[in-house]
Amino acid sequence: MTKARDIADNAGKAGGGASNVIINGEMKVSQRATSVTGITSSGYKTVDRWRTSIGSAGTWTQTQNAVTDLAGFRYSLKMACTTANTSLSAGSSLQMNTRLEGFDIQQFQKGTASAKKWAMSFYVKSSKTGTYIVELFDNNNNRHVNKSYTVDAANTWEHKKIIFDGDTSSPFTNTNLNCLIISWF
């Protein structure tokens with residue numbers, strides 16, 4: 001299970017950061033469904049604004065899960081593998097992502113000499129310990145940057161914070177189009 005809260009705060013701004021740019025990071029809104037079974041293909045399944053991208057990575061159930069063991073949160077997005085792919089290949093993947101409009105991310109001043117750092121803060125709970133990846137994909141300029149984080153304890157909520165450096169090259173378009181995709185692999 002992953003849960004986003006203060007994702008993409010502006011770490012470079014004095015006074016502790018800018019506003020959160022993630023919409024529905026607390027997983028409160030789920031207008032499509034609260035549970036979907038048999039997931040083997042990509043698309044929006046349950047929680048609004050959160051997309052599942054999957055390629056040959058087994059069969060999954062996704063739920064808007066009630067949280068009782070994490071203070072300050074009522075819901076999370078839960079992925080449960082129901083049928084494992086026992087022969088994963090280089091092309092196999094499962095990721096959760098959210099897409100941000102250019103209007104909502106101008107505060108980071110990407111592509112300028114004043115580009116700001118991004119601080120991503122989120123909670124994760126997994127039955128598997130190990131190293132995981134979060135990626136920022138600049139859809140305007142076809143650029144990727146990723147960082148790893150470690151799940152240290154199985155079945156325990158852990159708070160993670162990742163800092164991405166400001167990017168002085170190639171600005172985001174100031175538009176309502178999908179300019180940035182944030183993905184958890």
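User: Why is Y149 called buried in this model?
Analyst: Its relative accessibility comes out at 6%, and buried means under 20%, so Y149 makes the cut. Bear in mind that the model is a predicted one.

User: And what makes Y132 partly exposed?
Analyst: Y132 sits at 21% relative accessibility. The buried class needs a value under 20% and the exposed class one over 50%, so 21% puts Y132 in between.

User: Why is the pair of Y132 and Y149 called stacked?
Analyst: Two checks here. The ring centres are 5.9 Å apart, and pairing asks for centres within 6.5 Å, so Y132 and Y149 count as a pair. Their planes are at 25 degrees, and under 30 degrees counts as stacked, so that's the label. The pair links distant parts of the chain, with Y132 in strand β10 and Y149 in strand β11, 17 residues apart.

User: What makes the pair of W50 and W184 tilted?
Analyst: The centres of these two rings lie 5.6 Å apart, which passes the 6.5 Å test. Their planes are at 50 degrees; stacked needs under 30 and edge-to-face over 60, so tilted is what's left.

User: Why does that pair tie together parts that are apart in sequence?
Analyst: Because W50 lies in the loop between β4 and β5 while W184 is in strand β13, the pair joins parts 134 residues apart in sequence.

User: Are W50 and W184 buried or exposed, and how do you know?
Analyst: Buried: W50 has a relative accessible area of 2% and W184 has 6%. The limit is under 20%, so both labels hold. Ring pairs also link W50 and W184 into a cluster with F122, Y132 and Y149, and the structure holds 7 aromatic pairs.

User: How do you know that K110 lies over the face of F172?
Analyst: K110 is placed at 5.2 Å from the ring centre, and the distance limit is 6 Å. K147 over the face of F164 is a similar story, at 5.8 Å from the ring centre.

User: What makes T175 buried, and where is it found?
Analyst: T175 has a relative accessible area of 13%, and under 20% is buried, so the label fits. T175 is found in the loop between β12 and β13. Beyond its neighbours within four places in sequence, T175 is in contact with E101, G102 and F103.

User: What about cysteines: how many disulfides are there?
Analyst: A search of the whole structure turns up 0. As for burial, C179 is at 0% relative accessibility, so buried, while C81 at 40% is partly exposed.

How values were computed. Residues are numbered from 1 along each chain as its sequence is written. This is a predicted model: local features need pLDDT of at least 70, side-chain atom pairs count only at pLDDT 80 or more; totals for chains, interfaces and linings use all residues. Side-chain values use heavy atoms; hydrogens and water are left out. A disulfide is a pair of cysteine sulfur atoms within 2.5 Å. Buried means under 20% relative accessible area, exposed over 50%, partly exposed in between (1.4 Å probe, protein chains only). Rings of Phe, Tyr and Trp (its six-membered ring) pair if their centres lie within 6.5 Å; planes under 30 degrees apart count as stacked, over 60 as edge-to-face and the rest as tilted. Helices (H or I, at least four residues) and strands (E, at least two) are DSSP runs, numbered from the N terminus. A charge sits over a ring if NZ of Lys or CZ of Arg is within 6 Å of the ring centre and within 35 degrees of the ring normal. Contact means heavy atoms within 4.5 Å.
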